[in-house]
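The exercises below ask for a reading of strands, helices, cysteines and nonpolar cores. Work through each task before turning to its solution.

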Amino acid sequence: MKILITGGAGYIGSTIANALLDTGHVPVLLDSLVTGPRAFTEGKIFYQGDIADRALLQRIFQEHPEIHSTIHCAALIVVPESVEQPYLYYRENVCKSLELFKNLEELGYPRVVFSSSASIYDAVPGFKVTEDSPLKPSSPYARTKYMMEMVLQDLSKATRLRGIALRYFNPIGADPKLRSGIHVREPSHVLGKMVDVALGKLPEFTITGVDWPTRDGSGIRDYIHVWDLAMAHVKAVEQFDTVLQKTGNTYVVINLGTGHGVTVKELVAAFERVYGRPIPKREAPPRPGDVAGAYANADRALELLGWKAEHSIDEGIASALAWGKKRKEVLGYE
């Protein structure tokens, strides 16, 4: 199948593109390159532009009429930045997605797999959330994801649009073949920061928030290998119509996680184990928009997609370290 990926030059979008290629599909990338590097588009069908550009979308579908569905990854994703610049986040993530969805439906390409986020969940006792757990997005970034889920759900009831929202937990690692990985020079992802400390680019790793009501006071997360995440998207587009038929719905939400909660301190310990020595670290108060966290009940993904996470945290850390050493060769900077 041919699959359109918005944000296809990003960390997750590029990994999904490689997963599609490795399973015999053809990704078509659309990216503004505001954050994603051009290097991740090389050797693939690529269009540079904005997701809200109707004329560009028309051209893509005219040139690739057999596109089966759209995986919508394009978004700004940095929580503290969203607190400082909420207008930017609502414009880019909400307004432009709204135009994208409208244009996809009108142009006759109604299948949408949406990159959502576990950050929309409320804190629950025990921290394990199902797709039906209460929602309470705590940052402008999280609220943009929540709003787009509501938009997709409402449009799927009123129009031909159909949606599967995949709620990501915390992606770590890199493409196992090291074709892509975290690309920003100063990663906001926790593992990206640890790799930068290990490579000497940062003086220390900061554990933000150590008074949460978790087993060791640090935040709890569900760290999922980005390749497992990518393969879930492959299964979602391959089985898109079947999933909707199984559930009898026009819009379905699915958690993507390992089903295991790991605290930040536990992740640091795992990193030091894989890296082979301790890294400098300090503790600090939570950042704006931070939450205690959550981890996934991923039963629905197994039931509807036949998918479960297969890679360990250690494998994610090892691939992130390997990518940290290789990325200068791919991107031109360390």
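Axes are lines fitted to C-alpha atoms, for helices over the stretch in contact, and angles run from 0 to 180 degrees between N-to-C directions. Contact, or touching, means heavy atoms within 4.5 Å. Helices (H or I, at least four residues) and strands (E, at least two) are DSSP runs, numbered from the N terminus.

The model is predicted: local features need pLDDT of at least 70, side-chain atom pairs count only at pLDDT 80 or more, and totals for chains, interfaces and linings use all residues. Residues are numbered from 1 along each chain as its sequence is written, and side-chain values use heavy atoms, with hydrogens and water left out.

**Exercise 1. The sheet**

Find the order of the strands in the open sheet, and state which strands stand at the edges.

Solution. Step 1: take two strands as paired if DSSP finds at least two bridges between them. Strands of a sheet pair through backbone hydrogen bonds, either parallel or antiparallel.

Step 2: follow the pairs. Strand β1 (residues 2-6) runs parallel to β4, with five bridges between them; K2 has I67 as its bridge partner in β4. On to strand β5 (residues 111-117), β4 is joined by three bridges, again parallel, and I71 is opposite V113 there. Seven bridges then pair β5 with strand β7 (residues 162-168) in the parallel sense, where S115 faces L166.

Step 3: write out the order. The open sheet has seven strands, β3-β2-β1-β4-β5-β7-β12, and its pairing is parallel. β3 (45-48) and β12 (251-256) each have a single partner strand, so they are the edges, with one side of each left without a neighbour in the sheet. From one strand to the next, the twist averages 20°.

**Exercise 2. What lies around the sheet**

Is strand β4 (residues 67-72) largely enclosed or open, and which helices lie across it?

Solution. Step 1: apply the burial classes, in which buried means under 20% relative accessible area, exposed over 50% and partly exposed in between (1.4 Å probe, protein chains only). Six of the six residues of β4 are buried, so the rest of the structure largely encloses this strand.

Step 2: look at the helices. Helix α2 (residues 54-63) lies across β1, β2 (26-31), β3 and β4, at about 165° to β3. Helix α7 (residues 226-238) lies across β1, β4, β5, β7 and β12, and its angle to β7 is about 165°.

**Exercise 3. Two helices compared with their expected span**

Check the end-to-end distances of α5 and α9.

Solution. Step 1: the expected span is 1.5 Å times one less than the number of residues.

Step 2: helix α5 (residues 140-158) has 19 residues and should span 27 Å; its end C-alpha atoms are 27 Å apart, in agreement. The elements covering its buried residues include α3 (79-84), α4 (86-106), β5, β7 and β12.

Step 3: helix α9 (residues 264-275), with 12 residues, reaches 16 Å between its first and last C-alpha, close to the expected 16 Å. Its buried residues are V264, L267, V268, A270, F271 and E272. After α9 comes G276, with a positive phi near 100°.

**Exercise 4. Cysteines**

How many disulfides does the model contain?

Solution. Step 1: count pairs of cysteine sulfur atoms within 2.5 Å. The count is zero.

Step 2: check C73 and C95. The cysteine sulfur nearest to that of C73 belongs to C95, 20 Å away, which is too far for a bond. C73 is buried at 15% relative accessibility, while C95 is partly exposed at 43%.

**Exercise 5. Nonpolar cores**

Which residues of the largest nonpolar core touch the most other members, and which element gives the most to it?

Solution. Step 1: a nonpolar core is a set of buried Ala, Val, Leu, Ile, Met, Phe, Trp, Tyr and Cys residues joined through side-chain atoms within 4.5 Å.

Step 2: the largest core has 35 residues, and I16, L20, I71, L166, Y168, I254 and L256 touch the most other members. Helix α7 gives the most to this core, eight residues. Apart from this core lies another, of 24 residues, including L30, I60, Y109 and Y251.

Step 3: examine L166. Leaving out residues up to four places away in sequence, L166 touches V113, F114, S115, S116, S117, H233, A236, I254 and L256.
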